[in-house]
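Student: Could we go through this structure together? I would like to learn how the descriptive words are chosen.

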Amino acid sequence: MSTKEELLKQIQIARENSNNKKKFSGNLMDYIELIEKDPSIVKSAHKRLYEALIDHGSYSMPDSNFRKYKIFDGENIKIYNYFENEFFGMENVISKIMSFLSSAAQKGEESRQVLLLMGPVGAGKSALTEHIKKALDGKPYFHLKGDPHRGEPLQLIPRSLRDSFEKTLNVKIDGDISPIARHKLMNELDGKYENFEIEESTFSQRARRGVASVPPMDANSQDVSVLIGSVDISKLDKYSEDDPRALSLNGAFNVGNRGIVELVEVFKNEIEFLHTIITATQEKRVPSPGKSDMLYFDGVIIAHCNEAEWNRFQSEHTNEAIMDRIVKVTVPYCLELDQEIKIYEKMLSKSEFKAHIAPHTLKIASMFSIMSRLKPSSKCDLLTKMKIYNGEDIIEKGRVKKVDIKDLKEEAKHEGLDGISTRFITKALDHALTNSEKNMITPVSVMESLSRMVKEQISDEQFKSNCLELLQKTIREEYLKILENEIAKAFISAYEEQAQSLFDTYLDNAEAYTTRTKLKDRVTKEERQPDENFMKSIEEQIGITGSSKDGFRSDVAAYMFARMRRGEKVEYKTYEPLKEAIESYLISSIKSVARIVTKSKTRDDDQQKKYSEMVETMIEEYGYTAESAEEILAYAANNLWRDS
């Protein structure tokens, strides 16, 4: 079978499957039979959206995830599957959104409020809203046939009978039918509401069924008909102005009834344009165009804006009525390095760039964006603060430096609401990829691309100066440290084995030292005193000298034996201060050789062999290509050991 025939067959199968999906067709009494079998068919817009999101599943962040304790202070953080692989470092924001919808689904006060996402440009407000709207796509719902407002069919039931129907069907009936549906009921069906035809549809943003978006408009083009529809002038020669048949109910609140209405950059609109929100929330009614009565509206209203517009809006006391109907959720920039990296990995995976991305490239770009968003603190420098926010242990004189992440966040409550945006970084990555001659990008090319964009696109001179200092000093120096260690590690054969061997030897000596016993040689079985010189050579790597050695050795022994008692694995990476000491010891022992081999313009056979083995390790174990390894090593030779 040819490719063409195969594709045609797939189209045919898809069409048949679509046709075989029978949609409900019947009148109100048939619809009531469905409800008798499943009362959950009748639900509010907030409940429908909440269930669409929660149906994908959720779970509590496990204790094994270091972020639970390092970032969230042991809180029971809930992860929602629907958002998990799309949004990173936004657990708190998503939790607040889900809390809002959960309360609204139970008809709490939030069901009569606007959900406002407020944050800086490029923080993910629009993407988050789009993703929430997609949750409804394809979900079925029942509505009055021929009603552009797509009202709930049970609204046909007269108010005098609703109590009885509610008890019998175990549902709650809210609202009234639209003027168009009422005209059809009274004039075409002689008031026999039980004969009104009911239709099953699915939510679709593309087809404008149950999902509507309202873009911002300037004062000259603003027209409330975008929200509530209009009177169709072409029908006025046939119907009077107060005839419902002259109405064109195609506004956002008509389209989004029983679904979602999104207000994009909401406060860019004039205040008069937003007055409809007042009744749409608390009273759940929106004006009807022409001379008809107000229409019942049941929908989730999601708006978003940036901080400057929010501050300007709330500073005007005449806006209090609308503000009282808003639940604001702040959407800051991501402040976790590892999560920021995931954002760019996701974005690049969705692009068509096929270039090689060298190790640490996205990390360097992310370090820049994160640090540009952080506020200075007297407790630590920006680099340290970034690492703490990332859940990393900061080692100082052999011990984990105690800087409370809550204290840092408490003193900088505005953090994450300004700085370099995600879009800025993405454009810099795109430029670096586009201009790459060897179809690759490295930390070096990305730092150059970022510096160029900062100079060209940032107008605030002070911020520009701060950004360039971050790139040319702080981040460059940190990258050189990363690079130096990586080259040295690549130079060591069997690095992990050597590190573990050093760890085992140190632990044996530290145990003997703290318990005042002798060591038994594993080969000769002879007893000897703990090797003081060996332990010092390890400890000096992290500044442990003099009397502080006793405390450090006791801490190591106690920590390790506590893990062993719990049946947990003990390895050189287990205790962060000792891990750093062992790695520093190993790396420092061969740095001078790695430096000579890397810098040398003419290598002898032995040096060339070591250099080739180092490059091979960088390619096979660290993920470089031959070209990116060559570029990085050239950069190291020119910058890392310039004065050596």
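Student: Why are α16 and α20 called roughly parallel to each other?

Tutor: Keep in mind that this is a predicted model. The axes of α16 and helix α20 (residues 443-457) cross at roughly 30°. Angles under 35 degrees count as roughly parallel, and therefore α16 and α20 get that description. Their axes come within 8 Å, and the crossing is right-handed.

Student: Which residues meet where α16 and α20 touch?

Tutor: On the α16 side they are Thr-361, Ile-364, Ala-365 and Phe-368. Those residues meet Pro-443, Val-446, Met-447, Leu-450 and Val-454 in α20.

Student: What makes α15 and α16 oblique to each other?

Tutor: Again, look at the angle. The axes of α15 (residues 337-350) and α16 (residues 361-373) cross at roughly 125°. Roughly perpendicular covers 65 to 115 degrees, and roughly antiparallel needs over 145. An angle of roughly 125° fits neither class, so α15 and α16 are oblique. The two axes come within 9 Å, and α15 passes α16 in a right-handed crossing. Among the residues making this contact are Leu-337, Ile-341 and Tyr-344 of α15, with Leu-362, Met-367 and Ile-370 of α16.

Student: How do you know that Gly-416 counts as buried?

Tutor: Its relative accessibility is 0%. Buried means under 20%, so Gly-416 qualifies. This glycine lies in the loop between α18 (405-410) and α19 (422-434).

Student: What is Gly-416 in contact with, leaving aside its neighbours within four places in sequence?

Tutor: Gly-416 is in contact with Pro-120, Pro-332, Tyr-333, Leu-335 and Arg-373. Arg-373 also belongs to the α16 side of the contact with α15. In addition, the C-alpha atoms of Gly-416 and Ile-370 are separated by 8.5 Å, with their places 46 residues apart along the chain.

Student: Why does Leu-49 count as buried?

Tutor: The reasoning is as before. Leu-49 has 0% relative accessibility, and the cut-off is under 20%, so Leu-49 counts as buried. You will find Leu-49 in helix α3 (residues 45-54). Not counting residues up to four places away in sequence, Leu-49 touches Leu-101, Ile-132, Leu-136, Ile-260 and Val-300. Leu-49 and Ala-135 are 86 residues apart in sequence, yet 7.3 Å apart in space, C-alpha to C-alpha.

Student: What makes the aromatic pair of Phe-267 and Phe-313 stacked?

Tutor: A search of the whole structure finds 11 aromatic pairs. For Phe-267 and Phe-313, the distance is 4.0 Å centre to centre, and centres within 6.5 Å make a pair. There are 20° between the planes, and planes under 30 degrees apart count as stacked. Both conditions hold, so this is a stacked pair.

Student: Where do Phe-267 and Phe-313 sit in the chain?

Tutor: Phe-267 is in the loop between β10 (260-263) and α12 (276-283), while Phe-313 is in helix α13 (residues 307-315). The pair links distant parts of the chain, 46 residues apart. Both Phe-267 and Phe-313 are buried.

Student: How do you know that the charged end of Lys-409 sits over the ring of Tyr-389?

Tutor: One requirement is a distance within 6 Å of the ring centre, alongside a limit of 35 degrees from the ring normal. The charged end of Lys-409 is 5.4 Å from the centre of the Tyr-389 ring. Lys-346 lies over the face of Phe-87, at 5.3 Å from the ring centre.

Conventions: Residues numbered from 1 in each chain as written. Predicted model: local features only at pLDDT ≥ 70, side-chain atom pairs only at ≥ 80, totals over all residues. Heavy atoms only, no water. Phe/Tyr/Trp six-rings, centres within 6.5 Å; stacked < 30°, edge-to-face > 60°. Helix = DSSP H or I, 4+ residues; strand = E, 2+ residues; numbered from the N terminus. Buried < 20%, exposed > 50% of the residue type's maximum accessible area, 1.4 Å probe, protein only. Axes fitted to C-alpha atoms, helices over the stretch in contact; angles between N-to-C directions. Left-handed = near helix turned anticlockwise from the far one by under 90°. Contact = heavy atoms within 4.5 Å.
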